[in-house]
Amino acid sequence: MDKKLYTVIIYSENLAGVLNQVTSEFTRRQMNIETLNVSSSSIEGVHRYTLSLWSEEEIIQKVVKRLEKKIDILRANYYTEDEIFVQEVALYKISTPKLLDNKQISRIIRHNNARVIEINSTYTVVEQTGKTETIIKLYKEFAAEECVLQFVKSGHIAVTRDVIEHLTEQLYVFDEDANRTRE
Amino acid sequence: MKEIITGAEALMRALMNEGVDTIFGYPGGSIMPVFDAMYDHRHNFRQVLVRHEQGATHAAEGYARSSGRVGVCIVTSGPGATNTLTGISDAILDSTPIVVIAGQVASGVLGTDAFQEIDLVGVTQPISKWSYQIRRAEDIAWAVARAFYIARSGRPGPVVLDFTKNAQVSQVAYEPAELGKIRSYVPYPKPLPEAVKAAAELIGRAQRPYALVGQGVELGEAHEELKAFLEKGNIPAARTLLGLSALPSDYPLTMGMLGMHGNLSCNINTNQADVIIAIGMRFSDRVTGDLTTYAKQAKIIHLDIDRAEIDKCVKADIPVIGDCKETLPLITELMPEGSHKEWIESFADYDAIEQERVIDKALNPKEGPIKMGEVARCVSDATNNSAILVTDVGQNQMMACRYFKYTKPHSVLTSGGLGTMGYGLPAAVGASMAVPDRTVCVFMGDGGFQMNMQELGTIMEQRVPVKMILMNNNYLGNVRQWQEMFYNNRYSWTPMMNPDYNMIASAYGIPSRLVVKREELADAVREMIETPGAFLLHVAVEEEDNVMPMIPPGASICDMVLE
């Protein structure tokens, strides 16, 4: 079966232990999470998780249903790359003396449209936003000049291409359905 | 004005607010304030000191499964809490509503490897429906209300409350919690009218419709709704192990049991039906056998309250998500009356084969040692088929479930998903306490009995009137059967030297009788039923008896082995 890179977006209550509940669903299948980003969402008290991982659709579909079943999880969805806009942010800490000595390094920064956000006598911090490939390409170019002191990139952050905002809509539906009781 | 009380007392009030009448528990350091508070509530709760925390969880399960009410355990932290893990796992797989309240070290020392500290929330999150740590007395009323609501609503399951010692002893202004809705939780999804309509139409067009009935019908109390559905469509129904008492055994449209040791007709006709209506069942691998050859010819309509069950093992052509008590009548109303005489009669041909080659031999042997099947049927007959059957796990379970008969709902308590040896005895204790007006018969093997045999102490102390049937074959019989069939008779670790079980019973003051000869069986069963209180019927059964028929592991449901 074909494995694809899927992005899973999860909305949860802001409670301790939700991350453990999310990861345990992947752990039991020994699925490796490629990237993970957790932060507050635009809705107060609701956290947003963005995960990316390689999977077959049949599997990710089952995992996402089980995630959504967790009491503290509001909604979980999975997307292929063409259904979302994905970006990553990267920071490159490079040596300032090498930057001054080697003109190629500043050329690399310009050609890649990267941004210098901090500079002092020992190091310079460069920021890049873009697709994973763009970020890795810049890293490789810096690395070829042997100037990298540290490198970090965020996990995927993503917004869907849908015109309708599912969560807002979904919260409304939840409000109605959560009131349903057995007669 | 709100009363100021301790957290431990607040827990008592919150439990009373939930209508709790029985608590299975075991004290220890981190939960002592709660047990101290319980001393003042001796008249409000039946307080059952079990002999091992695993026993507490299975007793709570038995209590819940037999009555539909939430079973409650209270245990201490550390080993007390870890001893509940098997029961919690059993409850999640079999959708059983229990609330496990465990002590925890004070919140100030969490994470310091304090005495008897373990991360119970971390450990139980993957095996519970909800797991929460109460760190402040102010949260007790809310957390308990939420725990019981989550445990019992929707698809039921176990909930864990990890209760820190500081929260037990601190003072709080208590008032009962008014539980609002939980926005992230939809226990009773609203059925989609399109799905209901499509299901009704498909059933209306079916030539060979077949209902597969699971425990969802019992959990949803949809027994009458199910009968109305089956009768209008004239649809034959088979039941899963956990759904056995969802329909009476002698109900005309009950065809038998599905699965590895189910009935030949029920399994084979799964691959003959043109429309399968799965109702509150989850297509367990013990029901389906090899999925690549399972019901490929049939359109599948899957009724389930749990969205995550849809397409999990078997792809549904028409999923109908919702409480089957609600969805069944909606479908029944829209579908036409049916008549499937020939189709229903087709079960009889296979039943005749099974009767001759399996059932007659199991129930009416003329000579040789006593067979497990005849013991089960004898006990069922002696109770007018109205007892609650509790089983342990293994051959005893399959034989008892196959040959017991059911006339009332909630009459089968057995560990299905987890297959927990040791489940039977404590589960029977819980059932007996939850529904004291019913006779509770528990069937065990010599292996499983010894796994939680310490609960004889609970039975003695609480005077629990359980009828215990020990079918002793001096083997771990089910594993031995597999070794005989698939491992060249290499009986590795399955023969077992046994103690004198009648002496063990008498040590606990429990009357017992050993039966070796067939002629004595009926009289011994009569004695067991007529003796007030607990009784151990110890039956020496055929040592190398096999449960048949059988779908060999990994085989197709059509390839049942008969001998």
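**Asking why: burial, pairing and contact in a predicted model**

Reader: What makes A:Leu138 buried?
Author: Counting neighbours settles that. A:Leu138 has 23 other C-beta atoms within 10 Å. The label needs 20 or more, so A:Leu138 is called buried. Keep in mind that this is a predicted model.

Reader: Where in chain A does A:Leu138 lie, and which residues is A:Leu138 in contact with beyond its neighbours within four places in sequence?
Author: A:Leu138 belongs to helix 5 of chain A, residues 132–144. Setting aside the neighbours within four places, its contacts are A:Tyr92, A:Asn112, A:Ala114 and A:Gln128. Contact here means C-beta atoms within 7 Å. For A:Gln128, ten residues away along the chain, the C-alpha atoms are separated by 8.3 Å from those of A:Leu138. That value doesn't clash with the contact, because the cut-off is on C-beta atoms.

Reader: A:Tyr92 turned up there. Which face of strand 5 of chain A is A:Tyr92 on, covered or uncovered?
Author: The covered one, along with A:Ile84, A:Val86, A:Glu88, A:Ala90 and A:Ile94. The uncovered face holds A:Phe85, A:Gln87, A:Val89, A:Leu91, A:Lys93 and A:Ser95.

Reader: How do you know that strand 5 of chain A pairs with strand 7 of chain A?
Author: Two strands pair if there are at least two bridges between them. Eight bridges join strand 5 to strand 7 (residues 123–130) of chain A, and the two run antiparallel. The cut-off is met, so they count as paired. One of the bridges puts A:Tyr92 with A:Val126.

Reader: And what makes strand 8 of chain A a partner of strand 5 of chain A?
Author: The same rule, at least two bridges. Strand 8 (residues 148–153) has five with strand 5, in the antiparallel sense. A:Tyr92 shows up here too, with A:Phe151 as its bridge partner in strand 8. Strand 9 of chain A (residues 157–160) also runs antiparallel to strand 5, joined by four bridges, and A:Val86 stands opposite A:Ala158 there.

Reader: How confident is the prediction for chain A, and what share of residues score at least 70?
Author: The mean pLDDT of chain A is 90, and 89% of the residues score at least 70. Strand 7 is where confidence is highest, at 97, while helix 6 (residues 166–178) is lowest, at a mean of 60. Chain A has six helices and nine strands, and 27% of its 183 residues count as buried.

Reader: On to chain B. What makes B:Asp113 exposed?
Author: B:Asp113 has 8 C-beta neighbours inside 10 Å. The cut-off for exposed is 12 or fewer, so B:Asp113 fits. Its place is the loop between strand 5 (98–104) and helix 6 (120–124) of chain B. Phi of B:Asp113 is near 55 degrees, a positive value in a residue other than glycine.

Reader: Why is B:Asn474 called partly exposed?
Author: B:Asn474 has 18 other C-beta atoms within 10 Å. Buried needs 20 or more and exposed 12 or fewer, so 18 falls in between. B:Asn474 isn't a glycine either, yet has a positive phi of about 60 degrees. Look for B:Asn474 in the loop between strand 18 (467–472) and helix 21 (477–486) of chain B.

Reader: What makes strand 11 and strand 14 of chain B edge strands?
Author: The sheet is open, with six strands in the order 11-10-9-12-13-14 and parallel pairing. Strand 11 (254–257) and strand 14 (318–321) each have a single partner strand, so one side of each has no neighbour in the sheet. From one strand to the next the twist averages 20 degrees.

Reader: How do you know that strand 13 of chain B pairs with strand 14 of chain B?
Author: Four bridges join strand 13 (residues 299–304) to strand 14, running parallel. At least two are needed, so this counts as a pair. Within it, B:His302 has B:Pro319 as bridge partner.

Reader: How many residues of chain A and chain B take part in the contact between them?
Author: Chain B contributes 21 residues and chain A 23. On the chain B side, ten are nonpolar, three polar and eight charged.

Key. Residues numbered from 1 in each chain as written. Chains lettered and ligands numbered in written order. Predicted model: local features only at pLDDT ≥ 70, side-chain atom pairs only at ≥ 80, totals over all residues. pLDDT = per-residue confidence, 0-100. Contact = placed C-beta atoms within 7 Å. Nonpolar A, V, L, I, M, F, W, Y, C, P; charged D, E, K, R; others polar. Axes fitted to C-alpha atoms, helices over the stretch in contact; angles between N-to-C directions.
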